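Hi,

Here is the structure I promised to pass on. Have a look at it first, and then read on for what turned up.

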Amino acid sequence: MVTLLNTIDTGHEDMIHGAEVDYYGLKLATCSSDNSVKIFDIKNGGQTLAADLKGHAGPVWQVAWAHPRYGNILASCSYDRKVIIWKEAGDWVKLYEHTGHDSSVNSVAWAPAEYGLILACGSSDGSISILSCNIETGNWEVKKISNAHTIGCNAVSWCPSTVPEPAFDQRVNRPAAVKRLASGGCDNCVKIWKEEQDRWVEESRLDAHTDWVRDVAWAPSIGLPRSQIASCSQDRRVIIWSSEDLTNWTSHILHTFDDVVWNVSWSLTGNILAASGGDNKVSLWRENNENQWSCISEDTSASSNTNEPRNL
């Protein structure tokens, strides 16, 4: 059973599209069609509004916290075609603004902290931008995967880092980190991208959905040789993709729901998956030792869908 611990009156004046808790579980960021991003301090079951960020000129679809080793940094993306990176420096200030997309930016995701301060952004213009910050100079470098998805990209998610921290790996010739990310789009497919030298190339194309892919989530790494990605779609299905070598992927239909599925999210241990959709329900699914999935809980208390389709 899932127990409701707390509800928060955000004060947003329109539909909420995203809510993200930071690494330590002490701050909550929300975003809305009222064009704003709000940050709350959450402690002991209560919340205090810490910031009301005004920088977007359209609905804000998603927010994402960076790893705390880089400070309190938050990214937001919007229908106004902008990505804004905010930083707490006493007050919350705009650290960087990316305006390189020609249409709505629908998804933002930070790379594993071991790779640096790197943000992936998926847009309705079909491209994916990779924003990298030079910590010493504060300058940002932008790379773009053009035509990543026909019609548009709806979601991006990074492959977990599998390279040990230098403190735990004293080999002189440590293996180089290979950056990968997954994306889902309006071409009904999930794609795996790999960084090779100074560019990003398509490594795998995963075809099983029959309608737009709305979200993708790469499962956390817990030391097992298997990689897993969850994807959800307007075809009402959630699919689990598995690979032993990051090259050959097999698909398993987790469930066909009664309505479109907007979001999927993994637990920290990678063996529980949450799915939410147009039926205003959140369900939790667990994998057993025989690699079989079963629904362990379903929350039907939601009064409205917080993740309606993003305008394209």
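Which side chain does Lys27 meet in a salt bridge with an N to O distance of 3.0 Å? The partner is Asp41. One thing to keep in mind before going further: this is a predicted model.

**Lys27 and its partners**

Lys27 belongs to strand S2, while Asp41 sits in strand S3 (residues 36-43), so their salt bridge ties together parts that are 14 residues apart in sequence. Lys27 counts as buried, because its relative accessibility is 13% and the limit for buried is under 20%. Asp41 comes out as partly exposed, with a relative accessible area of 27%.

Lys27 also forms a salt bridge with Glu88, where the closest N and O atoms are 4.0 Å apart. That pair links distant parts of the chain: Lys27 is in strand S2 and Glu88 in strand S7 (residues 83-89), 61 residues apart. Glu88 is partly exposed, at 28% relative accessibility.

**Other salt bridges**

How many salt bridges does a search of the whole structure find? The count is 13. Another one to look up is Arg180 with Glu203, whose side chains meet at 2.8 Å, N to O. Here Arg180 is in strand S14 (residues 180-185) and Glu203 in strand S16, so the pair ties together parts 23 residues apart in sequence. Arg180 is buried, with a relative accessible area of 11%, and Glu203 is partly exposed at 25%. There is also a network: Lys143, Lys179, Glu195 and Asp198 are joined into one by salt bridges that share partners.

**On the surface**

Two patches are worth finding on your screen. In one of them, Asp258, Asp259, Glu298 and Asp299 gather as a patch of negative charge. Asp299 lies in strand S24 (residues 293-299) and is partly exposed, with a relative accessible area of 31%.

The other patch is nonpolar and consists of Tyr23, Tyr24 and Leu26, which together have about 380 Å² of accessible area. You'll find Tyr23 in the loop between strand S1 (16-21) and strand S2 (27-32). Is Tyr23 buried or exposed? Tyr23 counts as exposed, because its relative accessibility is 57% and the limit for exposed is over 50%.

**The annotated repeats**

The unreviewed UniProt entry carries the annotation "repeat: WD" for residues 9-50, 53-87, 98-130, 206-242 and 254-285. I can give you some numbers for two of these spans. Residues 98-130 are 0% helix and 48% strand, and their end C-alpha atoms are 10 Å apart. For residues 206-242 the figures are 0% helix and 57% strand, with the end C-alpha atoms 11 Å apart.

One residue to look at in the 206-242 stretch is Trp212, in the loop between strand S16 (199-207) and strand S17 (213-218). Trp212 is partly exposed, with a relative accessible area of 24%. Its C-alpha atom is separated by 8.7 Å from that of Cys232, and the two residues are 20 residues apart along the chain.

If you want a place to start, try Lys27, with its salt bridges to Asp41 and Glu88.

Cheers

Note on methods: Residues numbered from 1 in each chain as written. Predicted model: local features only at pLDDT ≥ 70, side-chain atom pairs only at ≥ 80, totals over all residues. Heavy atoms only, no water. Patch = residues over 30% accessible without salt bridge, like charges linked within 9 Å, V, L, I, M, F, W, Y side chains within 5 Å. Areas by Shrake-Rupley, 256 points an atom, 1.4 Å probe, with all protein chains shown as cover. Lys, Arg positive; Asp, Glu negative; His and termini not counted. Charge placed at Lys NZ, Arg CZ, Asp CG, Glu CD. Helix = DSSP H or I, 4+ residues; strand = E, 2+ residues; numbered from the N terminus. Buried < 20%, exposed > 50% of the residue type's maximum accessible area, 1.4 Å probe, protein only. UniProt positions renumbered as here; feature names shortened; annotations may be inferred.
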